[in-house]
Amino acid sequence: MAWGVFLLEVQTLFENHSTYDMAAMQALVRVSARKIFRWWRLRRVVLTTSGVVAMVCGALLLGVFRFLDTTERLLCGISLLIGMIAFLKGLLFYKLIAQKLWRDLLRAGDTMERRYIFRETAFQGIRINSETCYAYEAIRAAYETPGYYFLFLDSGNSALLDKGGFIEGSASGFRTFLEKKLGGPLEFVG
């Protein structure tokens, strides 16, 4: 009897191979901003708004006070420049975070290839130099986008699964399986 249980446990239900490329990082950042790190949205609004205010102030001061000293004109120009930088950082906020995540992975010498194996009681995340096993109870949030599944874990880690990367099982079957394991419907983030 115990041997039969062991055989069931090692049976792979789903296997997924995913590449953590820039598109995947951008999708991860969008989902994280909408569902996990909501303060990112506020930071983006503050950067964009303060950038517009600084640009308008700098331009108005330069336009209204055309006959300022060189130092004063330089300060107005600096305000205009700082405003443009803040505005652009606000507009490109999510893309800049995704680039930073991707560069950090590269700097750490991490491979961009991930393999996930899902069994009845646990799942494994496999990279070139490490392998980690997680119980389904460790998943604190799971989301679906048009191209990916995202599993946010208690440890602060996340698993990103490309829907086109299922070697065993299907993306729609995985959604049903995950909903059963988590006890509720998977939230779609478009």
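**Exercise 1. The nonpolar surface patch**

Task: In this predicted model, find which residues form a nonpolar patch on the surface, and state their accessible area together.

Solution.
- Step 1. Pick out the members: V52, V56, L60, L61, V64 and F65.
- Step 2. Give the area. Together these residues have about 510 Å² of accessible area.
- Step 3. Place one member. L61 lies in helix α3, which covers residues 39–64.
- Step 4. Classify L61. Its relative accessibility is 36%. Buried means under 20%, and exposed means over 50%. L61 therefore counts as partly exposed.

**Exercise 2. The antiparallel sheet**

Task: Work out the strand order of the open sheet with 5 strands, and explain why β4 and β8 stand at its edges.

Solution.
- Step 1. Write the order: β4-β3-β2-β1-β8. The pairing is antiparallel.
- Step 2. Look at the ends. β4 (131–135) and β8 (166–168) each have a single partner strand, so one side of each lacks a neighbour in the sheet.
- Step 3. Add the twist. On average, neighbouring strands of this sheet are turned by 20° against each other, direction ignored.
- Step 4. Check one pair. β1 (residues 14–19) and β2 (residues 113–118) are antiparallel and share 6 bridges. Within this pair, E15 sits opposite I117 of β2.

**Exercise 3. Two hairpins around β3**

Task: Describe how β3 pairs with β2 and with β4.

Solution.
- Step 1. Take β2 first. It runs antiparallel to β3, and 4 bridges join the two strands.
- Step 2. Name a partner pair. Y116 has G125 in β3 as its bridge partner.
- Step 3. Look at the link. β2 and β3 make a hairpin, with 3 residues between them.
- Step 4. Now take β4. β3 and β4 are also antiparallel, with 5 bridges. Here Q124 faces C133 in β4.
- Step 5. Look at this link too. β3 and β4 form a hairpin with 4 residues between them.

**Exercise 4. Buried or exposed?**

Task: Decide whether the residues of β3 are buried or exposed, then examine A122.

Solution.
- Step 1. Sort β3 by direction. A122, Q124 and I126 point one way. F123 and G125 point the other way.
- Step 2. Judge the cover. Both groups are buried. That makes 5 of 5 residues in β3.
- Step 3. Focus on A122, found in β3 (residues 122–126). Its relative accessibility is 15%. The cut-off for buried is under 20%, so A122 counts as buried.
- Step 4. List its contacts, leaving aside neighbours within four places in sequence. A122 touches I117, C133, Y134, A135 and Y136.
- Step 5. Add a distance. A122 and E137 are 15 residues apart along the chain, and their C-alpha atoms are separated by 8.9 Å.

**Exercise 5. The mixed sheet and its helix**

Task: Give the order of the open sheet with 4 strands, and find which strands helix α2 touches.

Solution.
- Step 1. Write the order: β7-β6-β5-β9. The pairing is mixed.
- Step 2. Find the edges. β7 (158–162) and β9 (187–188) each have a single partner strand, so one side of each is left without a neighbour in the sheet.
- Step 3. Check a pair. β5 (residues 139–144) and β6 (residues 148–153) are antiparallel, with 5 bridges. I139 stands across from L153 in β6.
- Step 4. Add the helix. α2 (residues 22–36) packs on this sheet and touches β5, β6, β7 and β9.
- Step 5. Read the angle. The direction of α2 makes about 55° with that of β6.

How values were computed
Residues are numbered from 1 along each chain as its sequence is written. This is a predicted model: local features need pLDDT of at least 70, side-chain atom pairs count only at pLDDT 80 or more; totals for chains, interfaces and linings use all residues. Side-chain values use heavy atoms; hydrogens and water are left out. Two strands pair if DSSP finds at least two bridges between them. Axes are lines fitted to C-alpha atoms, for helices over the stretch in contact, and angles run from 0 to 180 degrees between N-to-C directions. Contact means heavy atoms within 4.5 Å. Buried means under 20% relative accessible area, exposed over 50%, partly exposed in between (1.4 Å probe, protein chains only). Patches are made of residues with over 30% relative accessible area and no salt bridge: like charges are joined within 9 Å, nonpolar side chains (Val, Leu, Ile, Met, Phe, Trp, Tyr) within 5 Å. Accessible areas come from the Shrake-Rupley method with a 1.4 Å probe; for residues, only the protein chains shown count as cover. A salt bridge is a side-chain nitrogen of Lys or Arg within 4 Å of a carboxyl oxygen of Asp or Glu.
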